[in-house]
Amino acid sequence: MVFDLDMIKSVYSQFSQRIERAKKLVQRPLTLAEKILYAHLSDPNEVKAFERGVDYVNFQPDRVAMQDATAQMALLQFMQSGKDKAAVPSTVHCDHLIQAKVGAEADLAEAKMTNKEVFDFLSSVSNKYGIGFWKPGAGIIHQVVIENYAFPGGMMIGTDSHTVNAGGLGMVAIGVGGADAVDVMAGMPWELKFPKLIGVKLTGKMSGWTSAKDVILKVAGILSVKGGTGCIVEYFGEGAESISCTGKGTICNMGAEIGATTSLFGYDAKMREYLMGTERKEVADAADQVKEYLTADPEIYANPEKYFDQLIEIDLSTLEPHVNGPFTPDRATPVSKLAEEVKKNGWPEKLSVGLIGSCTNSSYEDLTRAASLAKQAKTKKLKVQSEYTVTPGSEMVRFTADRDGLLKEFTDIGGVVLANACGPCIGQWKRHGAEKQEPNSIMTSFNRNFAKRNDGNPNTHGFVASPEVTTAYAIAGTLAFNPMTDTLENELGEKVKLNEPQGIEFPVKGFSVEDNGYQPPAKDGSQVEVIVKPDSDRLQILTPFDPWDGKDIKGLNLLIKADGKCTTDHISMAGPWLKYRGHLDNISNNLLIGAVNKFNGETNNVKNQVTGEYMPVPDAARYYKANTPGSIVVGDDNYGEGSSREHAAMEPRNLGVRVVLVKSFARIHETNLKKQGMLALTFDNPDDYDKIQEDDTFDVTGLTQITPNKPMTLVIHHKDGSVEQVKVNHSYNENQIKWFKAGSALNLIRQQNQ
């Protein structure tokens, strides 16, 4: 089935005119990213040579994708926008609320029962507003999107940071907060600071144990978790053309782990093969008509150092398989060095669990390569030493893999096939024994491995690798192992060695599925009723935030000074809290409970400056909201990295936090704070972070004259009566200042629609 073909053809019909006009104005060749951006300007008449990393630009994305956890709040907001139907093709995918416990069938049945109220809400609200609905069990949003909706040269936003997965099919696909999705679904322009560009030139060709996953693991080691911030990463070269379309998706998917706005590859034969293999010949034919615009101009690839802000070169022929971690996805270690690193750092050597699948690595190709090793283990009489789980990415992949005997290879060695959902990757894993918080090691083919990310245990050392490398280590049961060189002892006492994994990109018999789980919306949703029970603890109709009172902010209490890494997982945890994603006040009870208090090194234990007692962060925030002018949060570098979840911005707003002041922000989180009417500030001098003391109170002056690029002053009142003033900066442009003054971007949209 081909979705939205008329829309795709309409996009392509404007490509040549818009891109050629842009080339004349900028007077130089264009990269692929630039071509797609210029082709999607909200007002094609407002074309100029935009300055990378400086100019804010309005775009018109082609479509919106939402997963169930974030769709709840996005659609609750959309209901307040005054619109009758989504202005662009949009979809909802139920993949986050299915907890992995015992296996696919039982887990899915329990999730449908436990989350019935939420699934019914998402189904009905999608039906009413013309939104495609993918039922629980249909698959993980990003795999379903690349199989059905992604198209070369398109532009998509999604309420999940791994929306970037669609770059594997040549899209500019960007993870955003739900408020951004509301803008686009309401027909408003979507704003983005024009990205800088990082080029990654791939030469040679992979073989043996090396896979596409190792490309991004290597890049993450080079750039770090914030090295891609504000940038689009564009992959090119002969090596890029040799990688399968889903392999390209894997690479783009984990671009979120380097903070990149998105990543993408140019249209090539592998993409055409994938479109054909997923029964989208019409899309492939349409792309062929404009293929010169679906890659960078030849001059770019001939002299990339002239056109990219940063250039990285990787020879795939010499690239070694990598294992990244623990606790951060950018700590990159070649497998030949892993045993040495494990010993040197005292990491738990025994591998407790190997987990493969997820939105990053759940393609048919991934499963065939991992299954080839599972089959070897059985043939060579190797007893698998670790627990082992498999998460298919979609019902189409699962059904086809089951038909072709791949899933049996996994279950034959003791593997457990989980539901087509995110599961352990996002903390939806009821792992037996995790509550003991014992040190242990796991290896996954997922994308993130922050502390407590997968199972809630801060002492679980999470390592990230390809599915085949993860499978090999699960067979070995130890991190002190190199699958490329080492032998294992089998049940007969013989020394045996694993052969290189083998896989194929497409099933020989083609993909097949009985029920893909898609529910089309009603043609006329005007009579569809969306019901939210007034006493529900899962869903809550939103009340608009108050507008700014036009005054400087004075008398703020310090809620918390967060120490070190503070991701959106620390600000608004997932796992068991996912069930409250549609109820703002209930989920606000997890506000910053994972952040480390700089003054005592503890989590969820801060001083109430008024009473003097220590209490959980949400309790202190609620106290300040009820009894004082509000509170301020102070944070470290790259504050808010990780997931795009807007709850991390809505919760502090809901609990009376007026200002978030940090050394630096992760892009999506800073935008989310702005969208919710929060004041997001950065220290002009990062060392001023050290001046903040536990009993300080604060004023922000200069707010009444807020204009783009004009600094403000933070007045720090110390307990001893002394006062310090430090310079603080903001990045609000004229439109974002309007959001702040209105109380939120949604408030402004509603005013405009009225």
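Visitor: In what order do the 4 strands of the open sheet stand, and is the pairing parallel or antiparallel?

Guide: A general idea helps here. Strands of a sheet pair through backbone hydrogen bonds, either parallel or antiparallel. In this predicted model, the 4 strands form an open sheet in the order 10-9-8-11, and the pairing is parallel.

Visitor: Which strands are the edge strands?

Guide: The edge strands are strand 10 (262-265) and strand 11 (310-315), each of which pairs on one side only. Neighbouring strands of this sheet are turned against each other by 20 degrees on average, direction ignored.

Visitor: How many bridges join strand 8 to strand 11?

Guide: Strand 8 (residues 196-203) runs parallel to strand 11, and 6 bridges join the two. As an example of a bridge, I198 has Q310 in strand 11 as its partner.

Visitor: Is V200 buried or exposed?

Guide: A residue counts as buried when its relative accessible area is under 20%. V200, which lies in strand 8, has 0% relative accessibility and therefore counts as buried. Leaving aside neighbours within four places in sequence, V200 is in contact with V233, E234, Y235, F236, I312 and I314. By contrast, one may look at a residue elsewhere in the chain: the C-alpha atoms of V200 and G721 are separated by 54 Å, and the two residues are 521 apart along the chain.

Visitor: Which strands does helix 10 lie across?

Guide: Helix 10 lies across strand 9 (231-236) and strand 10, and it runs at about 160 degrees to strand 10. T246 lies in helix 10 (residues 245-253). With a relative accessible area of 13%, T246 is buried. Apart from neighbours within four places in sequence, T246 is in contact with Y274, S363 and E365.

Visitor: Why is strand 15 described as largely enclosed by the rest of the structure?

Guide: The reasoning rests on counting buried residues. In strand 15 (residues 387-391), 4 of the 5 residues are buried, so the strand is largely enclosed by the rest of the structure. Strand 15 pairs with strand 14 (residues 351-357) in the parallel sense over 5 bridges. In one of these pairings, G354 has Y388 of strand 15 as its bridge partner. Between the two strands the chain passes through helix 15 (residues 364-379), and this β-α-β crossover is right-handed. Strand 15 is also joined by 2 bridges to strand 16 (residues 416-417), and these strands run parallel. There, V390 has V417 in strand 16 as its bridge partner.

Visitor: How many residues of helix 23 are buried?

Guide: The same kind of count applies to a helix. In helix 23 (residues 667-675), 9 of the 9 residues are buried, so this helix is largely enclosed by the rest of the structure. Among them are R667, H669, E670 and K674. Helix 23 is followed by G677, whose phi is positive, near 80 degrees.

Visitor: At what angle do helix 24 and helix 25 pack?

Guide: Two values describe such a packing, the angle and the separation of the axes. Helix 24 (residues 734-742) and helix 25 (residues 745-753) pack at an angle of about 90 degrees, with their axes 7 Å apart. Angles of 65 to 115 degrees count as roughly perpendicular, and the two helices are therefore roughly perpendicular to each other. Helix 24 contributes N735, K738, W739 and A742 to the contact, while helix 25 contributes A745, N747, L748 and Q751. These residues divide into 4 nonpolar, 3 polar and 1 charged.

Terms used: Residues are numbered from 1 along each chain as its sequence is written. This is a predicted model: local features need pLDDT of at least 70, side-chain atom pairs count only at pLDDT 80 or more; totals for chains, interfaces and linings use all residues. Side-chain values use heavy atoms; hydrogens and water are left out. Buried means under 20% relative accessible area, exposed over 50%, partly exposed in between (1.4 Å probe, protein chains only). Two strands pair if DSSP finds at least two bridges between them. A crossover is right-handed if, with the strands pointing away from the viewer, the path from the first strand over the helix to the second runs clockwise. Axes are lines fitted to C-alpha atoms, for helices over the stretch in contact, and angles run from 0 to 180 degrees between N-to-C directions. Angles under 35 degrees count as roughly parallel, over 145 as roughly antiparallel, 65 to 115 as roughly perpendicular and the rest as oblique. Contact means heavy atoms within 4.5 Å. Ala, Val, Leu, Ile, Met, Phe, Trp, Tyr, Cys and Pro count as nonpolar, Asp, Glu, Lys and Arg as charged, and the others, Gly among them, as polar.
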